[in-house]
Each structure stands twice: as C-alpha cells, then as structure tokens.
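User: I'd like to learn how to read a model like this one, feature by feature. Can you walk me through it?

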Amino acid sequence: MNVREAKRAKGLDVTNIVGDVVIRRATVADAPVIAAVRIDSWRATYRGIIPDAYLDGMKVEDSTAIWSRILSATSSAANVFVAEVDGEVLGFAAGMTLKEARLGYDSELTAIYLEPSVQRAGIGRRLVAHVAATLASAGANNMLVWVLAENRPARQFYEMLGAELLVEQPFSWDGLDLQEAGYGWRTIRVN
Ligand SMILES: CC(C)(COP(=O)(O)OP(=O)(O)OC[C@H]1O[C@@H](n2cnc3c(N)ncnc32)[C@H](O)[C@@H]1OP(=O)(O)O)[C@@H](O)C(=O)NCCC(=O)NCCS
C-alpha cells in the first residue's frame, strides 16, 4: 500500500500526502540516486513483464555511469529533473528535443520513474510539466513518450495527462522482445 492509499484508508487528507516536494534540475551529483531510483522503480514496475534475471542483474554502478555521462554533457540535449521529497531524491524525469521528428513529434519524454512509496501523489504530473515546459522553451511543439504496452498504470497516467495513443508495436531492446506503445501530446502544454 502506498502512502496515499494508506492515508486515504484512514480517512486522512491526501492532498498533501508527502512532505515538501521540490522539483529541480538534476546535476551530475544526482547520477547515483537517479540510478538507484530507476532500478527500484523498474523492479517494482516491470516484474512479470521483463524477465527476473534482467531486473535482478541491474547494477547501480552501471546505471550511474550512464547518468553521469548524460548529466555532464555540455549540450542541453537532455533535460533531467529530480523530485525531492523532504530533501531526498525519490523520482526523476528526462526529456529531449529530437533532431529528426518521429511520428511527426519533435521532442520526447525519455524517462520518468518514481519510488513506489511516493507514486500517486501528483509528483509524476509535476515532473512531466517541468520537462514539457523546458522542451517548449527549447522550441518543441509536441511531445512523444514510449511505454511498455503491458504497463497499464503508466498508460493511464499518460492518458490522464492528455496524451493520445499513436501506435503499438513490437520492439527489441537489450536482447529482449517486447511490445511498446507510443503516446503523443499534440501540443507541448501538459498540465
Ligand atoms: C507512472 C508514474 C510516473 C506516474 O507518476 P505519479 O506521481 O504516480 O502519478 P500522479 O500522482 O501524478 O498521477 C496523475 C494522474 O494519473 C493517473 N494515474 C497515475 N498513476 C496511475 C495508476 N497507477 N493507475 C491509474 N491511474 C494512474 C491518475 O488519474 C492520477 O490522478 P489521481 O491520482 O488524482 O487519480 C509513476 O507512478 C511511476 O513512476 N510509475 C512506475 C514507473 C513507470 O511506469 N514509469 C513510466 C515508464 S514509461
């Protein structure tokens, strides 16, 4: 049970279920915590969709190295934001403008992952809004996101935020055969 459900079950106000939430741009120093949040969130979300061996074999060090590279790149190609709850990074989201449009879309929300304990408290919505606003300032008109077809909660999240389903197709990733769904926001404004 997550914090929101736990509070709701007790009849408590759930509008402010977590302490202070601060959304800020990520720095290279956030690479290890982004890596850790991503792995926790993957294991909680993709168990049963992605093979256990893959999930259990994910290593924080490997992911930290990748995020360090992304965050230390001099170009602003990757826009990464973290969500701090009471000073602790518990979620992040990233997006980038696309050099070549895909399906007619010129930017992409490339990742959004929250620790399970703080999901469903409005943080994801705020992170998407930050990424979208930044991409809009960089000249993007619209925004694409790819999601594993079986990830129903995330699909509902994107649909609630106004994205429309564009395509469902098989894809191969890191040796895994999966099914993906592409969603798009026709205008970059995401509230
Ligand atoms: C998907 C995710 C980013 C959404 O962020 P979040 O902070 O949990 O979502 P929010 O609280 O901002 O939700 C906004 C609205 O989206 C919808 N929504 C969000 N999560 C949902 C879920 N699990 N099931 C159904 N609807 C959901 C709801 O309508 C929600 O509003 P409500 O809670 O007032 O009903 C987050 O839950 C997460 O990290 N999930 C695991 C990782 C993942 O799947 N990432 C996406 C990879 S493509």
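User: Let's begin with the ligand. By class, how many nonpolar, polar and charged residues does the shell around the ligand have?

Analyst: One thing before that: this is a predicted model. As for the shell, sort its members by residue class and count. Here that gives ten nonpolar, seven polar and two charged residues. In total 19 residues surround the ligand, and the closest are Leu114, Gln119, Gly124, Arg125 and Pro153.

User: Which elements give two or more residues to the shell around the ligand?

Analyst: Map the shell back onto the secondary structure. The elements in question are α2 (31–46), β4 (105–114), α5 (123–137) and α6 (152–160). The largest share, five residues, is from α6.

User: Now the sheet. In what order do the strands sit?

Analyst: Walk across the sheet from one pairing partner to the next, rather than along the chain. You get seven strands in an open sheet, ordered β1-β2-β3-β4-β5-β7-β6, with mixed pairing. An edge strand pairs on one side only, and here the edges are β1 (21–25) and β6 (164–173). From one strand to the next, the twist averages 25°.

User: How many bridges join β6 to β7?

Analyst: Nine, and the two strands run antiparallel. To find your place in that pair, look for Val167, which stands opposite Gly182 in β7.

User: Which strands do α2 and α5 lie across?

Analyst: For a helix on a sheet, look at which strands it covers and at what angle it runs. Helix α2 lies across β2, β3, β4 and β5, at about 85° to β3. Helix α5 lies across β1, β2, β3, β4 and β5, and its angle to β3 is about 40°.

User: What does the largest nonpolar core look like, and which residues have the most contacts inside it?

Analyst: Begin with the count, then pick out the best-connected members. This core has 39 residues, and Phe92, Ala93, Val131 and Met143 have the most contacts inside it. At least two core residues come from each of α2, β2 (79–85), β3 (88–102), β4, α5, β5 (143–148), α6 and β7 (176–185). The largest share, six residues, comes from α5.

User: Which residues does Val131 touch?

Analyst: Leave out anything up to four places away in sequence, and Val131 touches Asn79, Phe81, Ala93, Ala94, Gly95 and Leu109. One of those, Ala93, is also among the core residues with the most contacts.

User: Next, backbone angles. Which residues other than glycine have a positive phi?

Analyst: Two cases to look at are Asp86, with a phi of about 50°, and Arg120, with a phi near 70°. Then ask where each one sits. Asp86 lies in the loop between β2 and β3, while Arg120 is found in the loop between β4 and α5.

User: Why does Asp86 count as exposed?

Analyst: Count C-beta neighbours: 12 or fewer within 10 Å makes a residue exposed. Asp86 has 10 inside that distance, so it counts as exposed. Arg120 is partly exposed, because it has 17 other C-beta atoms within 10 Å.

User: Last one: how far apart are Val33 and Val60, in sequence and in space?

Analyst: Compare the separation along the chain with the one in space. Val33 and Val60 are 27 residues apart in sequence and 8.8 Å apart from C-alpha to C-alpha. Val33 is found in helix α2, and it is partly exposed because 19 other C-beta atoms lie within 10 Å, where 20 or more would make it buried.

Conventions: Residues numbered from 1 in each chain as written. Predicted model: local features only at pLDDT ≥ 70, side-chain atom pairs only at ≥ 80, totals over all residues. Near = placed C-beta within 6 Å. Helix = DSSP H or I, 4+ residues; strand = E, 2+ residues; numbered from the N terminus. Nonpolar A, V, L, I, M, F, W, Y, C, P; charged D, E, K, R; others polar. Core = buried A, V, L, I, M, F, W, Y, C linked by C-beta atoms within 7 Å. Contact = placed C-beta atoms within 7 Å. Pairing = 2+ DSSP bridges. Axes fitted to C-alpha atoms, helices over the stretch in contact; angles between N-to-C directions.
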